[in-house]
Amino acid sequence: MASYNARLSKGAHKGRCGLREHFDSADVVESSLDRLAALFREAKHVVLHTGAGISVASGVPDFRSPNGVWTREQRGLPPPDSVSFADARPSLTHMAIKALVDCGFVHF
């Protein structure tokens, strides 16, 4: 059976692909997390909107990064290797989101 990546739509409207990834310094991440924690504590309602990128650490590729599924498609390359969904395990981001839900910070 073809992988999930190989079965995705070949449509033309996939947004900007291949953009360079950006990484903040540890200091910027720490100050951003402090501010985010304060916002969570003060908020009446919290909604988390994520994308495919939170699953990259689990071995599931994203779509528009330099090695993303759609970027590679635009360049005439096969989809990147990935784990099956059955073999993928939660990333730290997935676990953090679950902890926020379990603690009552996120409602859906």
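Which side chain meets that of aspartate 102 in a salt bridge? It is the side chain of lysine 98, with a distance of 2.6 Å from N to O. Good morning, colleagues. Before I go further, please note that the structure above is a predicted model.

Let me stay with this pair for a moment. Aspartate 102 and lysine 98 belong to helix 3, which spans residues 92–102. They sit 4 residues apart, so about one helical turn separates them. Aspartate 102 and lysine 98 are both exposed.

By the rule applied here, the model has 2 salt bridges. The other one joins the side chains of glutamate 73 and lysine 14, at 2.8 Å from N to O. Glutamate 73 belongs to helix 2 (residues 69–74), whereas lysine 14 lies in the segment before helix 1 (26–42), so this salt bridge ties together parts that are 59 residues apart in sequence. The two partners also have their own accessibility values. Glutamate 73 has 24% relative accessibility and therefore counts as partly exposed. Lysine 14 has 5% and counts as buried, because buried means under 20%. As general background, side chains of opposite charge can pair when their charged atoms come close.

I turn now to the pockets. The largest pocket has a volume of about 350 Å³. Its lining consists of Glu21, His22, Phe23, Asp24, Val29, Ser32 and Leu33. By class, that lining divides into 3 nonpolar, 2 polar and 2 charged residues.

What is the make-up by class of the lining of the second largest pocket? There we find 8 nonpolar residues, 1 polar residue and no charged residues. The space in this second largest pocket is about 230 Å³. Leu33, Leu36, Ala37, Phe40, Leu48, Thr93, Ala96, Ile97 and Leu100 form its lining. Helix 1 and helix 3 are the elements that contribute two or more residues to it. On comparing the two lists, one finds Leu33 in the lining of the largest pocket and again in that of the second largest.

Leu33 appears once more on the surface. Together with Val29, Leu36 and Leu39, Leu33 makes a nonpolar surface patch of about 320 Å². Val29 also lines the largest pocket, and Leu36 also lines the second largest. Leucine 36 is part of helix 1. Is leucine 36 buried, exposed or partly exposed? At 39% relative accessibility, leucine 36 counts as partly exposed.

Finally, I should like to consider two residues outside the helices. Cysteine 103 is placed in the segment after helix 3. Its relative accessibility is 59%, so cysteine 103 counts as exposed. From cysteine 103 to asparagine 67, the C-alpha to C-alpha distance is 35 Å, and the two are 36 residues apart in sequence.

Alanine 88 is located in the loop between helix 2 and helix 3. With 17% relative accessibility, alanine 88 counts as buried, because the cut-off is under 20%. Along the chain, alanine 88 and lysine 44 are 44 residues apart, and 33 Å separates their C-alpha atoms.

To close, I return to the salt bridges. One joins aspartate 102 and lysine 98 within helix 3, and the other joins glutamate 73 in helix 2 to lysine 14 in the segment before helix 1. Thank you for your attention.

Technical notes
Residues are numbered from 1 along each chain as its sequence is written. This is a predicted model: local features need pLDDT of at least 70, side-chain atom pairs count only at pLDDT 80 or more; totals for chains, interfaces and linings use all residues. Side-chain values use heavy atoms; hydrogens and water are left out. A salt bridge is a side-chain nitrogen of Lys or Arg within 4 Å of a carboxyl oxygen of Asp or Glu. Buried means under 20% relative accessible area, exposed over 50%, partly exposed in between (1.4 Å probe, protein chains only). On a 1 Å grid over the protein atoms alone, a cavity is a set of points where a 1.4 Å probe fits but cannot get out, and a pocket is an open set with protein on both sides within 12 Å along at least five of seven lines; lining residues have an atom within 4 Å of a point. Grid points are joined across faces, edges and corners, and a volume is the space filled by probe spheres set on the points. Ala, Val, Leu, Ile, Met, Phe, Trp, Tyr, Cys and Pro count as nonpolar, Asp, Glu, Lys and Arg as charged, and the others, Gly among them, as polar. Patches are made of residues with over 30% relative accessible area and no salt bridge: like charges are joined within 9 Å, nonpolar side chains (Val, Leu, Ile, Met, Phe, Trp, Tyr) within 5 Å. Accessible areas come from the Shrake-Rupley method with a 1.4 Å probe; for residues, only the protein chains shown count as cover.
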